[in-house]
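Please open the structure in your viewer and keep the sequence panel beside it, since this tour moves from one selection to the next.

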Amino acid sequence: MAVTTFTEENTSPLPPKRIFKASIVDSHNLIPKLMPQAIKSIEVQGDGGAGSIKTINFPDDGNFKSIKYRVDELNEDTYTYKYTLIEGGGLVDNLEKITYDVKFEQSTDGGSISKVTSSYYTVGDFKLKEEEIKAGKEKVLAMFKAVEAYLLQNPEAYA
């Protein structure tokens with residue numbers, strides 16, 4: 001097994017508390033409303049915190065029916081979120097699992113910096129294709145930007 005890790009940073013004019021609450025804590029309610037063409041629904045088994053299982057269901061005409069991940073850590077004080085993709089279309093035969101470590105930090109301009117570290121655990125000597133990784137990152141960034149746009153248009157939401 002090999003592990004390939006990528007780290008991505010994005011900035012937002014929004015403070016960490018708002019963007020974290022909307023994009024992470026309440027994602028199961030907000031994201032299907034903002035992006036129904038991409039996310040049909042998100043089901044939560046548990047209280048949403050560590051140990052919970054989240055199932056993301058995609059529209060019927062999508063590449064995948066659903067993906068399932070386990071919440072490993074959710075800390076609303078430090079704006080950190082860790083989870084592991086454990087089942088579904090996002091895991092090809094040669095991937096054991098994918099872990100994600102998300103952290104939002106205050107930026108000097110009052111906004112925030114999000115740092116996402118993704119670790120891909122491959123089976124055998126399988127090599128990841130860069131275009132597959134890039135496509136996944138673009139989908140996550142699109143969700144982040146949709147939440148950001150919603151919060152900028154609705155200053156009272158998640159305040």
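The stops below go from the whole chain to the sheet and then to the helices.

Before selecting anything, note that this is a predicted model, in which local features need pLDDT of at least 70 and side-chain atom pairs count only at pLDDT 80 or more, while totals for chains, interfaces and linings use all residues. Residues are numbered from 1 along each chain as its sequence is written, and side-chain values use heavy atoms, with hydrogens and water left out.

**The whole chain**

Start with the protein chain as a cartoon: it has three helices and seven strands, where helices (H or I, at least four residues) and strands (E, at least two) are DSSP runs, numbered from the N terminus. Followed along the sequence, their pattern is β-α-α-β-β-β-β-β-β-α. The radius of gyration, taken over C-alpha atoms, with a globule rule of 2.2 Å times the number of residues to the power 0.38, is 16 Å for the protein chain, close to the 15 Å that the rule gives for 159 residues, so the chain is as compact as a globular protein of that length. Of those 159 residues, 38% count as buried, which is to say under 20% relative accessible area, whereas exposed is over 50% and partly exposed lies in between (1.4 Å probe, protein chains only).

**The sheet**

Next, select the strands, which form an open sheet of seven in the order S1-S7-S6-S5-S4-S3-S2, with antiparallel pairing; two strands pair if DSSP finds at least two bridges between them. At the edges are S1 (2–12) and S2 (41–45), each of which pairs on one side only.

Now zoom in on S6 (residues 95–106) and S7 (residues 112–122), which run antiparallel and are joined by eleven bridges. Within this pair, Gln-106 has Ser-112 as its bridge partner, and Lys-97 is partnered by Tyr-121. The two strands form a hairpin with five residues between them, and in the turn you can pick out Gly-110, whose phi is positive at about 95 degrees. Then add S5 (residues 80–88), which is joined to S6 by six bridges, and look for Tyr-83 standing opposite Tyr-100 in S6.

**The helices**

Which helix should be selected to see the axis of H1 come within 6 Å of another? Choose H2, whose axis crosses that of H1 at roughly 80 degrees; axes are lines fitted to C-alpha atoms, for helices over the stretch in contact, and angles run from 0 to 180 degrees between N-to-C directions. The contact (heavy atoms within 4.5 Å) is made by Ala-22, Ser-23, Ile-24 and Val-25 of H1 together with Ser-27, His-28, Leu-30 and Ile-31 of H2.

Keep H2 (residues 27–34) selected and add H3 (residues 130–153): their axes come within 10 Å and cross at roughly 90 degrees. On the H2 side, the contact is made by Leu-30, Ile-31 and Leu-34, and on the H3 side by Met-143, Ala-146, Val-147 and Tyr-150.

Finally, colour H2 by burial, where Ser-27, Leu-30, Ile-31 and Pro-32 are buried. The buried residues of H2 pack against H1 (16–25), S2, S3 and H3, so showing those four elements around H2 completes the tour.
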